[in-house]
Amino acid sequence: MSEAQLHVLDDPAHVVGELIAAAAERGESIVLTGGSTPGRAYEHAAELQADWSRASVWWGDERCVPPDDERSNYGLARRTLLDLLEQQPGVHRIRGELKPADAAAEYEQAIDGVELDFLLLGLGPDGHVASLFPGSPQLFERDRLVTSGPAGLEPFVDRVTLTLPALLSAKRIVLLVTGESKAAAVERGFARSMTDAVPASLLRTGAAPVDVYLDPAAASRLAS
Ligand code: 6PG
């Protein structure tokens, strides 16, 4: 079990970009996240390190949409990271264009046995990470590495997601969280006891170190 380390910074995306670039330079397997927060971190990582040929990239979750859909997490990484690189990593995307269960089964076969060195996650305002939403059956899946199901928040499209055991198997867990809308989830997830009601808090049940990089707005509910 590990306690999360909280790093309150004016520009956490800049620092997370540096961490991602260093992981790529080490040739690590890097699990990317989706949403609106990580794009600037990805762009900064690409500026710092253009050769990702020794690294591999994976996704913690994906929306069940085609890769060219604006909601695609792969599409986000392609626009803000992969297209900016000189040497590409091994890319293992979740094929959101398939039926959810088929995409999950295919991705599980690909990721089974892979040592995940660097897991990047965002945090939803409800405390979800990846697509493990509070109270969802996917959150309680313990026998599989990958599962699928409906979204608990916008965008309301089916999701494919790593399960909690898969997330906890990572050697290092890094969260990038910004904005006032996440302040309550940060406080519930990292300053209170662990609970199924706040999936992010369950990241502390594993052995991997958990580092949360957040701006002052996202940290505003934490006791000073
Ligand atoms: C997704 C992400 C999800 C995201 C959080 C935060 O598919 O949306 O994997 O877990 O990290 O919902 O999203 P924002 O960065 O948009 O706030």
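Here is a walk through this structure, from the overall fold down to a few individual residues.

What you have above is a predicted model. Start with the inventory: the protein has six helices and 10 strands. Its radius of gyration is 16 Å, close to the 17 Å that the globule rule gives for 224 residues, so the protein is as compact as a globular protein of that length. Measure along the principal axes, and the C-alpha atoms fit a box of roughly 45 × 35 × 30 Å.

How much of the chain is buried? Of the 224 residues, 55% are. The contacts have a long reach in sequence, too: taking those with a separation of 6 or more, 76% join residues 24 or more positions apart. On the outside, the accessible surface comes to about 9400 Å², and carbon and sulfur atoms account for 48% of it. As for charge, there are 20 positive and 33 negative side chains, with the centres of the two sets 3 Å apart.

Now for the inside. In soluble globular proteins, nonpolar side chains tend to be buried together. Here the largest nonpolar core has 68 residues, and Trp52 and Leu175 are the ones that touch the most other members. Helix 1, residues 12–25, gives the most to this core, with seven residues. Leu175 is worth a click: leaving out neighbours within four places in sequence, its contacts include Leu121, Leu123, Val129, Phe190, Leu203, Val210 and Val212. Not every partner of Leu175 is nonpolar, though, as Asp211 is also among them.

Helix 2 is another good place to look at packing. This helix spans residues 39–48, and its buried residues are Gly39, Ala41, Tyr42, His44, Ala45 and Ala46. Which elements do they pack against? The partners are helix 1, helix 3 (73–80), strand 2 (29–32), strand 6 (118–121) and strand 9 (173–177).

Next, the loops, beginning with the one between strand 6 and strand 7. Ala130 sits in this loop, and its phi is positive, about 50°, although Ala130 is not a glycine. Is Ala130 buried or exposed? With a relative accessibility of 8%, it falls under the 20% cut-off and therefore counts as buried.

Phe133 lies in the loop between strand 6 and strand 7 as well. With a relative accessible area of 3%, Phe133 is buried. Setting aside residues up to four places away in sequence, Phe133 touches Asp126, His128, Leu139, Pro150, Ala151, Gly152, Leu153, Arg159 and Pro199. One of these, Leu153, is 20 residues from Phe133 along the chain, and their C-alpha atoms are separated by 8.1 Å.

That brings us to the loop between strand 7 and strand 8, where Pro155 is found. The peptide bond leading into Pro155 from Glu154 is cis, with omega near -15°.

Asp158 belongs to the loop between strand 7 (146–149) and strand 8 (159–162) too. At 38% relative accessible area, Asp158 is partly exposed, because that value lies between the 20% and 50% cut-offs. Beyond residues up to four places away in sequence, Asp158 touches Glu62, Arg63, Cys64, Pro100, Gly149 and Pro150. Finally, look across to Ser131: Asp158 and Ser131 are 27 residues apart in sequence, with 9.5 Å between their C-alpha atoms.

Technical notes. Residues are numbered from 1 along each chain as its sequence is written. This is a predicted model: local features need pLDDT of at least 70, side-chain atom pairs count only at pLDDT 80 or more; totals for chains, interfaces and linings use all residues. Side-chain values use heavy atoms; hydrogens and water are left out. Helices (H or I, at least four residues) and strands (E, at least two) are DSSP runs, numbered from the N terminus. The radius of gyration is taken over C-alpha atoms; the globule rule is 2.2 Å times the number of residues to the power 0.38. Buried means under 20% relative accessible area, exposed over 50%, partly exposed in between (1.4 Å probe, protein chains only). Contact means heavy atoms within 4.5 Å. Accessible areas come from the Shrake-Rupley method with a 1.4 Å probe; for residues, only the protein chains shown count as cover. Lys and Arg count as positive and Asp and Glu as negative; His and the chain ends are not counted. The place of a charge is taken as NZ of Lys, CZ of Arg, CG of Asp or CD of Glu. A nonpolar core is a set of buried Ala, Val, Leu, Ile, Met, Phe, Trp, Tyr and Cys residues joined through side-chain atoms within 4.5 Å.
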